[in-house]
Amino acid sequence: AGGTMSVSSTTGVVNLDLDSGSVTGAGTLAVSGMMNWTGGAQSGPGATTVAASGTLAIDGTNSKFLSQRTLTNQSAASTWNGTGTLFINDSANFVNSGTLTMQSDATLTENSGFGGTVTNSGTWRKQGGTGTSTLGNGNGTFTNSGLLDVQTGTIGMNEGTFNNTGT
């Protein structure tokens, strides 16, 4: 909820609800079940990994912040709902090697420091919302070697660098 979880070594949890607090530290937080991210921040030089057996749900109207940290989604059943912006700052990394389905017209961008990196080697699908989902973070890079699958609306790239060797 609203507190701070400091991760200094590899730490496993089954479920995580992050709505207004923060996950920070140099360690790796391994989520094997459900991770609900509705607000708050993930920061520090560590990593958060949602296992293939788990599910990442990015949801709601609140902003979410990823700063320095690496967020890896390995789940085949992850979703992104709501209109809350996901800010990737200070050389953070968002790695999708599973399936992430955008079910709204959400935005991924930056608002401070150096932009981050988004790497998709899995499936990044836009399946909801009839408008534009903007993926781009100013000084950052979006690299796709997997599948970018637009079923409804539009995915727009905003500034930064877009590298595409996938489909």
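Ring pairs join Trp80, Phe94, Trp124, Phe142 and Phe162 into a cluster, and this is a good place to start exploring the model, which is a predicted one. Across the whole structure, a search finds 5 aromatic pairs. In one of them, the ring centres of phenylalanine 94 and tryptophan 124 are 5.7 Å apart and the planes stand at 55 degrees, so this pair is tilted. Phenylalanine 94 belongs to strand β14 (residues 93-96) and tryptophan 124 to strand β18, so the pair ties together parts that are 30 residues apart in sequence. Are these two rings buried or exposed? Phenylalanine 94 is buried, with a relative accessible area of 0%, and tryptophan 124 is buried too, at 0% relative accessibility.

Now look at another pair in the cluster. The rings of phenylalanine 142 and phenylalanine 162 have centres 5.8 Å apart and planes at 35 degrees, so this pair is tilted as well. Here strand β19 provides phenylalanine 142 and strand β21 (residues 154-164) provides phenylalanine 162, linking distant parts of the chain that are 20 residues apart. The surroundings of these two rings can be read from their accessibility. Phenylalanine 142 counts as buried because its relative accessibility is 4%, and buried means under 20%. Phenylalanine 162, with a relative accessible area of 35%, is partly exposed.

From the rings we can move on to the nonpolar core. In soluble globular proteins, nonpolar side chains tend to be buried together. The largest nonpolar core of this model has 29 residues, and those with the most contacts inside it are Trp37, Trp80, Ile88, Phe94, Leu108 and Trp124. Which strands supply at least two residues of this core each? They are β3, β5 (28-31), β6 (34-37), β9 (55-58), β13 (86-89), β15 and β19 (132-144).

Several of the strands we have met belong to a sheet. In it, 7 strands form an open arrangement with parallel pairing, in the order β3-β6-β9-β12-β15-β18-β20. At the edges are β3 (16-18) and β20 (147-150), each of which pairs on one side only. Neighbouring strands of the sheet are turned against each other by 10 degrees on average, direction ignored.

Let us zoom in on one pair of neighbours. Strand β12 (residues 78-80) and strand β15 (residues 99-102) run parallel and are joined by 3 bridges. Threonine 79 stands opposite threonine 101 in β15. Which residues does threonine 101 touch, leaving aside its neighbours within four places in sequence? Threonine 101 is in contact with Ser78, Thr79, Trp80, Arg125 and Gln127. With a relative accessible area of 8%, threonine 101 is buried.

Arg125, one of those contacts of threonine 101, leads us to the charged pairs. How many salt bridges does a search of the whole structure find? The search finds 2. In one, arginine 125 meets aspartate 149, with the closest N and O atoms 2.8 Å apart. Arginine 125 lies in strand β18 and aspartate 149 in strand β20, so their pairing ties together parts that are 24 residues apart in sequence. Aspartate 149 counts as buried, at 18% relative accessibility.

The other salt bridge brings together the side chains of aspartate 105 and lysine 126, at 2.8 Å from N to O. This pair also links distant parts of the chain, 21 residues apart: aspartate 105 is in the loop between β15 and β16 (107-109), while lysine 126 is in strand β18 (residues 123-126). The partners sit in contrasting settings: aspartate 105 is partly exposed at 29% relative accessibility, whereas lysine 126 is buried with a relative accessible area of 0%.

Our last stop is the loop between β13 and β14, where aspartate 90 and serine 91 are found. What is notable about the backbone of these residues? Aspartate 90 has a phi near 55 degrees, a positive value in a residue other than glycine. Serine 91 also has a positive phi, near 65 degrees, and is likewise a residue other than glycine. Aspartate 90 is partly exposed, with a relative accessible area of 30%, and serine 91 counts as partly exposed at 44% relative accessibility.

Conventions
Residues are numbered from 1 along each chain as its sequence is written. This is a predicted model: local features need pLDDT of at least 70, side-chain atom pairs count only at pLDDT 80 or more; totals for chains, interfaces and linings use all residues. Side-chain values use heavy atoms; hydrogens and water are left out. Two strands pair if DSSP finds at least two bridges between them. Helices (H or I, at least four residues) and strands (E, at least two) are DSSP runs, numbered from the N terminus. Axes are lines fitted to C-alpha atoms, for helices over the stretch in contact, and angles run from 0 to 180 degrees between N-to-C directions. A nonpolar core is a set of buried Ala, Val, Leu, Ile, Met, Phe, Trp, Tyr and Cys residues joined through side-chain atoms within 4.5 Å. Buried means under 20% relative accessible area, exposed over 50%, partly exposed in between (1.4 Å probe, protein chains only). A salt bridge is a side-chain nitrogen of Lys or Arg within 4 Å of a carboxyl oxygen of Asp or Glu. Rings of Phe, Tyr and Trp (its six-membered ring) pair if their centres lie within 6.5 Å; planes under 30 degrees apart count as stacked, over 60 as edge-to-face and the rest as tilted. Contact means heavy atoms within 4.5 Å.
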